[in-house]
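Reader: I'm new to reading structures, and I'd like to take a close look at one chain. Please walk me through it slowly, and explain each term when it comes up.

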Amino acid sequence: MIRLLLAVLGLAGLLLLSLPWVTISSDTEALIAGDKTALPSLTEGTGLDVLVALSHPQVSLRNKAAKSIANHLAQDPLVSSAIFSTPAPSEEFDSWIWENRLHLAPPGQADLESQQMAQRLIEAKEYFSDAASVIFGDRFLLDPTGSYWRIIQRFDSPRGAFPVANGVWQSHDNTAAILHISLAERPFDARELNEWSQKLRDLAAQENVTAHLLGVRVIAAQTTQFNTLASARASTIATVLLILWLVWSLRSLAVVGHVFIPLALGVVSAISVVNLVFGSVHIVALAFGGVLLGLALDYPIHVMAHEGNRRRRAHRLILLGAATTGISFLAMVGSQVPALMQAGLFILVGLCVAALASVVMPVPPQARLRGITLSSFGFYLPAKAWIETGLIVVGVATVILFNRQPPITLFEPPQHIRTELAELNEKLALPSSTYAINVQGETLEALLQNEAKLARVLEQAIEEGDLQSYQSLSQWLSPPQRLDTSAAEFTANAERALKQAGMAPAFAEQQSIAFERALQAPGLRPTDLTRFSELQGLARRLSNSGLLWQEQIELVLPKNTSEPQFAITTPDAELVDLLAPIRQTMTDLRSRVASWLFAGLICGMGLLAAGLGSGRDALRIFRTCCAVLGGCACIIIAVYGAFSIFHIVAMALVVGIGVDYDLILNGMKDDRESTASAKSVFICAGSTMIAFLIMSLSEVQILHQIGMTVFIGLILMLFLTLAQPRRNEHQ
Amino acid sequence: MQAEPISVDGLVAYEEVIAHPAFGTAVRNGGVFELTQNNSLLRRQTTPKAEEMTIGEEHITIRRDGKEITRAIPARMSAFFTVLQAAVFNQGLSQLPPVPHRIRSTSQGWVTRISLQGNGGGSIVFSGCGDILQAIDLEMAGNQSRQIRFLAQ
């Protein structure tokens with residue numbers, strides 16, 4: 001008992017010593033091998049944007065709230081900027097627009113004729129009865145070609161932009177004022193961000209409006225919080241039930257404490273080694289490793305169940321089982337996916353340390369097992385080998401024929417957050433996050449020409465109700481046109497136009513100077529996209545590789561439409577599935593995990609054959625494991641439609657459990673006291689089922705998938721392990 | 001500076017005269033200024049065309065022909081709108097950043113000028129008599145001017 005106490009104290013000390021220098025990482029890039037640009041970023045660009053809808057039926061009240069909250073957020077260290085309407089263009093951008101007007105909205109030949117110019121000048125003079133003439137009037141007069149007027153018209157009615165009421169953005173259904181917040185560039189901290197979101201909601205409530213938040217970071221923080229709470233709930237329930245089960249089975253709290261020591265030692269060692277090798281421990285490695293180390297709980301129970309020579313034999317089988325499973329998982333190092341490499345090492349170290357601790361630790365004298373002799377459930381299964389082979393074949397065929405692309409639920413928030421987002425999306429009419437159109441051109445001119453052709457298709461789709469709106473560069477910028485008019489011709493035409501409009505012909509001189517200056521302007525250059533904050537929205541969609549200009553045109557699809565119902569046939573334009581890179585990433589990840597785990601399984605079985613000194617026994621265990629995998633595959637594909645990486649890793653855990661049970665049940669059954677082995681397997685199977693059944697009921701996808709797979713696999717594994725190919729052998 | 005235009009029932013009538021080198025004759029607009037409940041200045045134009053403009057801190061909102069357009073006030077015009085808003089109802093003109101100006105006496109009363117910096121310069125000229133502000137004149141580069149004369153109604 002004293003030794004047990006010392007061991008617990010030593011373990012606690014070890015844990016306290018190791019905690020300060022262990023870094024837990026949740027970096028999504030650690031889930032990708034190679035190019036990591038396909039994943040959305042939490043730390044830059046749109047990852048820092050948050051849209052806030054402040055709902056209230058009264059426009060004035062919600063607008064007041066928006067202004068007040070924006071002012072309040074201006075002092076917030078987590079916020080870089082908070083705006084409620086398009087800010088005034090900077091002096092520099094304002095001048096740039098004016099200087100480059102002939103490139104941004106080039107005049108047609110008719111616009112340079114005196115008659116057309118005269119018409120523009122008359123309109124410009126009439127415009128001076130408009131209050132806004134104080135801003136634009138002079139420039140409308142100075143540019144009789146109408147280029148500047150066209151640019152301002154585009155700014156006045158930008159497609160897809162939020163409507164404005166009294167200087168504040170409004171939702172499209174006119175129920176909410178909109179705030180746009182840019183978060184400060186800080187490391188992602190879910191707790192900090194959730195507290196910030198809650199403060200913002202409280203602030204809105206004080207202003208009598210309801211706040212709905214939309215942003216990558218906010219959603220990620222909410223999802224993390226939800227998952228943490230749900231995981232903690234599942235863990236607590238599972239732990240309580242598990243302890244109750246073990247107390248009943250082992251008849252002593254002290255013995256239950258003893259059982260947990262190897263597991264705890266295994267976890268601490270695994271965390272320490274992984275942190276030492278990789279510099280941090282990824283949350284996925286911790287989750288996978290923690291779950292798989294559940295196996296380690298079985299080792300001291302198997303040790304306790306046996307005495308004398310049988311215990312020494314059990315020691316050997318436990319070490320062999322741990323090494324087989326550990327080697328199988330270590331193969332994940334080959335996947336080159338950082339988080340999975342860590343998981344492989346974590347499991348090997350954790351299982352081996354736990355198995356060694358179980359073997360080395362003295363067994364408490366009061367250890368006695370209560371339970372059912374599992375082998376009493378043994379039954380005769382004729383042609384077991386053929387049935388197992390059949391299950392393998394059906395499993396492989398099901399995977400080949402019916403396995404679909406893996407779900408991307410790993411990156412999706414839980415259902416209640418998705419529902420709120422869908423409502424908000426409808427309110428704000430945001431661009432589709434699934435589909436966009438990529439348009440390319442060798443030059444900016446070619447890109448704009450391609451977009452102009454595409455615009456006809458999109459306008460047609462809007463007319464037919466297949467598209468709500470879209471945002472493209474061509475709505476703001478016209479394809480460049482060659483200007484054949486000389487400065488002298490322009491001056492002559494401008495003079496004539498001023499005369500025709502009943503205005504002062506002498507003003508033509510000022511118009512000519514402005515025209516000649518505008519001719520010299522360079523137009524839109526790639527550097528302008530980063531130079532002006534006003535072009536940030538454009539820069540996000542537009543890219544220039546040096547050889548190619550490309551724009552990703554955002555589409556706002558009609559309500560209740562998930563994909564575009566129109567064909568894109570114009571040159572250098574294609575509909576793109578924005579989720580495809582994530583799906584591809586998940587498919588690659590699944591392939592890597594599956595292939596490396598299978599390779600690991602083969603190595604593990606080689607080790608098992610060497611350890612048992614019997615290739616035949618190892619092959620029998622391998623066949624049973626593969627049959628269980630085949631059965632699991634059929635059920636998972638029938639229920640979920642596709643394997644996720646969590647299903648696969650959980651199936652590998654089933655193999656680990658199966659190897660252990662088979663080794664203990666069949667490796668000790670020639671002994672006269674084999675009932676003790678059968679009892680220990682019964683207790684272990686009971687504890688595993690409790691833990692994974694609770695996990696399978698969790699709303700957290702990772703826990704649910706692992707729990708459900710292990711639960712199904714365990715039932716299949718017990719069925720096949722208890723099935724005996726020869727009559728009377730089960731008795 | 002404490003002068004303010006004559007207001008009747010909270011309304012200040014005005015006539016705006018816009019001169020531009022391109023024009024043969026100046027353009028004239030007329031209407032009233034009104035202070036809204038939330039302290040924004042509302043310019044209600046009646047001639048030659050009905051129009052309403054609300055001047056906010058950073059935006060102007062124009063309602064005309066049943067349409068509403070909100071425009072951000074560009075930096076080059078922000079001084080003019082700030083001064084206009086402050087001067088019409090004397091709501092804190094003294095709170096504006098101190099600018100060098102000198103009051104000059106004329107036969108009709110007084111004149112003072114605030115020079116605008118940047119964007120080609122320009123200046124805002126205030127004229128009045130005693131504590132009555134009679135006009136604000138925005139003089140811009142290129143011989144343009146926009147004079148707002150406050151009327152006694």
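Author: Let's start with the spacing of the domains: measuring over C-alpha atoms, the centres of domain 1 and domain 3 of chain A are separated by 28 Å. Domain bounds here come from an automatic or database domain assignment. That assignment gives domain 1 as 47–86 + 161–214, domain 2 as 222–410 + 582–724 and domain 3 as 434–477 + 525–578 of chain A.

Some housekeeping will help you. Residues are numbered from 1 along each chain as its sequence is written, while chains are lettered from A and ligands numbered from 1 in the order in which they are written. This is a predicted model, in which local features need pLDDT of at least 70 and side-chain atom pairs count only at pLDDT 80 or more, while totals for chains, interfaces and linings use all residues.

Now the overall form. Chain A has 26 helices and 15 strands; helices (H or I, at least four residues) and strands (E, at least two) are DSSP runs, numbered from the N terminus. Its radius of gyration is 35 Å, well over the 27 Å that the globule rule gives for 731 residues, so chain A is more spread out than a compact globule. That radius is taken over C-alpha atoms, and the rule is 2.2 Å times the number of residues to the power 0.38. Along the principal axes, the C-alpha atoms of chain A fill a box of roughly 120 × 55 × 45 Å.

How about the inside? Buried residues make up 42% of the 731 residues in chain A. A residue is buried if 20 or more other C-beta atoms lie within 10 Å of its own, exposed if 12 or fewer, and partly exposed in between, with C-beta atoms placed from the backbone. In soluble globular proteins, nonpolar side chains tend to be buried together. The largest nonpolar core here has 119 residues, and A:Met332 and A:Val654 have the most contacts inside it. Such a core is a set of buried Ala, Val, Leu, Ile, Met, Phe, Trp, Tyr and Cys residues joined through C-beta atoms within 7 Å. Helix H24 of chain A, residues 645–667, gives the most to this core, with 16 residues.

Two residues are in contact if their C-beta atoms, placed from the backbone, lie within 7 Å. Leaving aside neighbours within four places in sequence, A:Val654 has contacts that include A:Val628, A:Cys632 and A:Leu714. There is also a second, separate core of 72 residues, with A:Ala124, A:Met503, B:Phe33 and B:Met77 among them.

That brings us to the meeting of the two chains, where 28 residues of chain A and 35 residues of chain B take part in the contact. On the side of chain A that touches chain B, helix H3 (91–99) and helix H6 (133–142) each supply at least two residues. The largest share of that side, four residues, comes from H6(A).

Next, a helix worth following end to end. Helix H23 of chain A (residues 615–640) has 26 residues and reaches 36 Å from its first C-alpha to its last, close to the 38 Å expected at 1.5 Å a residue. The expected span is 1.5 Å times one less than the number of residues. Just after H23(A), A:Gly641 takes a positive phi of about 85°.

Most residues other than glycine have a negative phi, and most peptide bonds are trans. A:Asn174 has a positive phi of about 55° although it is not a glycine. You can find A:Asn174 in the loop between strand S5 (168–169) and strand S6 (176–183) of chain A, and A:Asn174 is exposed, with 11 other C-beta atoms within 10 Å. A:Ala383, also not a glycine, has a positive phi of about 55°. Its place is the loop between strand S9 (379–380) and helix H15 (384–402) of chain A, and A:Ala383 counts as exposed, with 10 C-beta neighbours inside 10 Å.

Finally, compare sequence with space. A:Arg310, in helix H13 (residues 308–330) of chain A, is 367 residues from A:Ser677 along the chain, yet their C-alpha atoms are separated by 9.6 Å. A:Leu529 sits in helix H20 (residues 526–531) of chain A. A:Leu529 and A:Pro413 are 116 residues apart in sequence, and 33 Å apart in space, C-alpha to C-alpha.
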